[in-house]
Amino acid sequence: MRNTRALLAALGIAFAVALLTGSGSTTASGRLGGDYPSFYAAGKLLLEDPSRLYDPQAQAREQQGLFGDERDGGQLYFAYPPYDALPYAALAQLPYRLSYAVHTAAMVAAAVAALWLVRPMAPLVDRYFEQTVLAALVFYPLFKGVTGGQNTALVLLAVAAFARGMWDGRELLAGLAAGGLLLKPQYAVVLVVVLVVTRRWRSLGVVAAAGVLAYLAGAELAGWGWVGEWLDQVSWLAEADAPANGHNAISFLGVAESLWGFGAPVAQVVGWGLAAVAACLVAGWWWRAPRSAVPALMAVTAPVVLLVAPHAIYYDGGLLVLALAILAAGFATSTRTRWAVAVVYGISLLQPWSNSLRVAPVFVVTVGVLGWAAARWTAERRAARVPGPGAAGAAGAHPPIT
């Protein structure tokens, strides 16, 4: 316990040192903020001129001075829905360093809250909470998401809240969590499918209400036709970004386009085909599953959320923390489990060399975690079919999710 707290404190001290050294967006160890300049600039534009939120020149102007010592400046394009810029409008009123520090602290808090929510479903997290927090924060995709100014931890929190809602039978919480994923709409699709096959109509009503509110917020900021404009920006950015960033993709479609070229027919068939198969498998497994199966099913669902999305980058793999927390239940007693976790962490650390590889290491990890979770779910289903003492009572204690 003391060692865990000391290591957590060391992480905090290292972050503080990075903030306090250098000036502007430059630190002793390099540029500060990762992808945060795009969000900070979007917040600035929302305060000054929302109509130019997707204007590349306006974004570049607001990002000047946020790329350290790079002489050629730089630009990270903001292509999120307009309502995603709302919280950054508040953060953009702070100096850049302080804004980044507040954002990072918020993402750490979101990751901790996500793990807190899944404690009843994950014995390892419940028993070794502080150690699990440390392990989660140093998992390479989540570490890069948190320190790189991304909102990966919010996606993790939303999916964890969805899992807890399904586990407790709280439809409002499940619906709010799925609706919250509209901050990255591509990740909400699988959760909506789960709600449909489990006939959670109240939850779906909450998601629909969240969608209406999101649309109205976007209309207030960018006009009633913002959806079409936003989709155009997403399409343009995906095509422009594919040659330079394809090696970081971790979805089926993203990896297929990295291998065969953006928009290539074979990439579309393979990418969307595998995504459809994965989504159908998850839907079939959730169909009439007992509530006791929610943890195992969420371990399967988390990697599928990433693999099915049209666009997912390696730092989005921080969502795998949820699946790993569930799958590593036997970490303290099982050598096989410890080796599996070590392999997952080890392969993810190869991501910085992805440019030399044809496939992102975190994609390999995502597929591997899906295979691990699917194997565990299959084993649980087989065990459940074997009658034993108290089987009827156990079945009654955990009625079907539907």
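This text goes through a predicted model from the whole chain down to one helix.

The protein contains 20 helices and 2 strands. Its radius of gyration is 21 Å, close to the 21 Å that the globule rule gives for 402 residues, so the protein is as compact as a globular protein of that length. Taken along the principal axes, the box filled by the C-alpha atoms is roughly 70 × 50 × 40 Å.

Burial and contacts come next. Of the 402 residues, 47% count as buried, where buried means under 20% relative accessible area. Among contacts between residues at least 6 apart in sequence, 72% join residues at least 24 apart.

On the outside, the protein has an accessible surface of about 18,200 Å². Carbon and sulfur atoms account for 65% of that surface. As for charge, there are 26 positive and 21 negative side chains in the protein. The centres of these two sets lie 17 Å apart.

Helix 14 serves as a local example. This helix spans residues 252-260, and its buried residues are Phe252, Leu253, Gly254, Val255, Ala256 and Glu257. Which helices are included in what covers them? The cover includes helix 15 (265-286), helix 16 (294-308) and helix 19 (361-385). An α-helix has 3.6 residues a turn, so residues three or four places apart point the same way. The buried residues listed for helix 14 run from Phe252 to Glu257. Just after helix 14, glycine 261 takes a positive phi of about 105 degrees.

How values were computed
Residues numbered from 1 in each chain as written. Predicted model: local features only at pLDDT ≥ 70, side-chain atom pairs only at ≥ 80, totals over all residues. Heavy atoms only, no water. Helix = DSSP H or I, 4+ residues; strand = E, 2+ residues; numbered from the N terminus. Rg over C-alpha atoms; globule rule 2.2 N^0.38 Å. Buried < 20%, exposed > 50% of the residue type's maximum accessible area, 1.4 Å probe, protein only. Contact = heavy atoms within 4.5 Å. Areas by Shrake-Rupley, 256 points an atom, 1.4 Å probe, with all protein chains shown as cover. Lys, Arg positive; Asp, Glu negative; His and termini not counted. Charge placed at Lys NZ, Arg CZ, Asp CG, Glu CD.
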